[in-house]
Amino acid sequence: MLGMADAGYLTIAHYRGLKMPGCSAEGCERVLTSWWAHPHWKLGDWTTPSIPTSLYGFCFYAAVFLLLGWNVRPGCLLVLSTLAFLIHLGFVYVQARIIYAWCPYCLVSAGLTTLVWLLSIALWRNHRPPE
């Protein structure tokens, strides 16, 4: 739920053009206004929509919430959380080595995704299939 709140807040702020509390122009404001925060590509005469990465994060946290509620096999959760963990590793790298700025909201999301990933590993290891 905390991840959904974090990603949802970033998504709403993106679409409404809100300034994020606690963000400086040199810090997370720089991250949140970068191409990496809402990537889009030009394909000939067509440009893909600029969808904020925080919306994808919100969808990830919602999917985790639903998967846990539906009591699906832990392998599904492990695959989803591993993908999200690897994506977050990439975004942390981008903040450190490309943008040279840090977004505390993004780092909270990265930490929560890491926690979900570690918990999904534990669930997968302790899962006993029904006999």
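Reader: Let's start with Thr11: which helix is Thr11 found in?

Author: General idea first: helices (H or I, at least four residues) and strands (E, at least two) are DSSP runs, numbered from the N terminus. Here, Thr11 is found in helix H1. One caution: this is a predicted model, where local features need pLDDT of at least 70, side-chain atom pairs count only at pLDDT 80 or more, and totals for chains, interfaces and linings use all residues. Residues are numbered from 1 along each chain as its sequence is written, and side-chain values use heavy atoms, with hydrogens and water left out.

Reader: Okay. Is Thr11 buried or exposed?

Author: The scale goes like this: buried means under 20% relative accessible area, exposed over 50%, partly exposed in between (1.4 Å probe, protein chains only). Thr11 has 8% relative accessibility, so Thr11 counts as buried.

Reader: And what does Thr11 touch?

Author: A contact means heavy atoms within 4.5 Å. Not counting residues up to four places away in sequence, Thr11 touches Pro52, Ser54 and Leu55. You can also check the backbone: Thr11 and Thr53 are 42 residues apart along the chain, with their C-alpha atoms separated by 8.1 Å.

Reader: Where does Ser54 lie, and which residues is Ser54 in contact with?

Author: Ser54 lies in helix H3 (residues 53-70). Leaving aside its neighbours within four places in sequence, Ser54 is in contact with Ala7, Leu10 and Thr11. At 11% relative accessibility, Ser54 counts as buried. Tyr56 is also found in helix H3, but Tyr56 is partly exposed, with a relative accessible area of 49%. From Tyr56 to Ala7 you cross 49 residues in sequence and 8.3 Å in space, C-alpha to C-alpha.

Reader: Let me zoom out. What pattern does the protein chain follow along the sequence?

Author: The protein chain reads α-α-β-β-α-α-α, with 5 helices and 2 strands. Its C-alpha trace spans about 55 × 35 × 30 Å along the principal axes. Buried residues make up 35% of the 131 residues. As for contacts between residues at least 6 apart in sequence, 61% join residues at least 24 apart.

Reader: Now charges. How many salt bridges does the count come to?

Author: The rule is a side-chain nitrogen of Lys or Arg within 4 Å of a carboxyl oxygen of Asp or Glu. By that rule the count comes to 1 salt bridge. The side chains of Lys19 and Glu29 form it, at 3.7 Å, N to O. Lys19 lies in the loop between helix H1 (2-16) and helix H2 (28-32) and Glu29 in helix H2, so the pair ties together parts that are 10 residues apart in sequence. Lys19 counts as exposed at 65% relative accessibility, whereas Glu29 counts as buried at 17%.

Reader: And what about the charges over the protein chain?

Author: For the tally, Lys and Arg count as positive and Asp and Glu as negative, while His and the chain ends are not counted. The place of a charge is taken as NZ of Lys, CZ of Arg, CG of Asp or CD of Glu. The protein chain has 8 positive and 5 negative side chains, and the centres of the two sets lie 5 Å apart.

Reader: Which residues form the nonpolar patch on the surface?

Author: Patches are made of residues with over 30% relative accessible area and no salt bridge: like charges are joined within 9 Å, nonpolar side chains (Val, Leu, Ile, Met, Phe, Trp, Tyr) within 5 Å. Areas come from the Shrake-Rupley method with a 1.4 Å probe, and for residues only the protein chains shown count as cover. In this model the patch is Trp35, Trp36, Trp41, Leu43, Trp46, Tyr93 and Ile98, with about 790 Å² of accessible area together. Trp46 sits in strand E2 (residues 46-47). Over the protein chain, about 8,600 Å² is exposed, and carbon and sulfur atoms supply 69% of it.

Reader: Last one: what phi does Tyr100 have?

Author: Tyr100 has a positive phi of about 60°, although Tyr100 is not a glycine. You'll find Tyr100 in the loop between helix H4 (74-99) and helix H5 (104-126). With a relative accessible area of 56%, Tyr100 is exposed.
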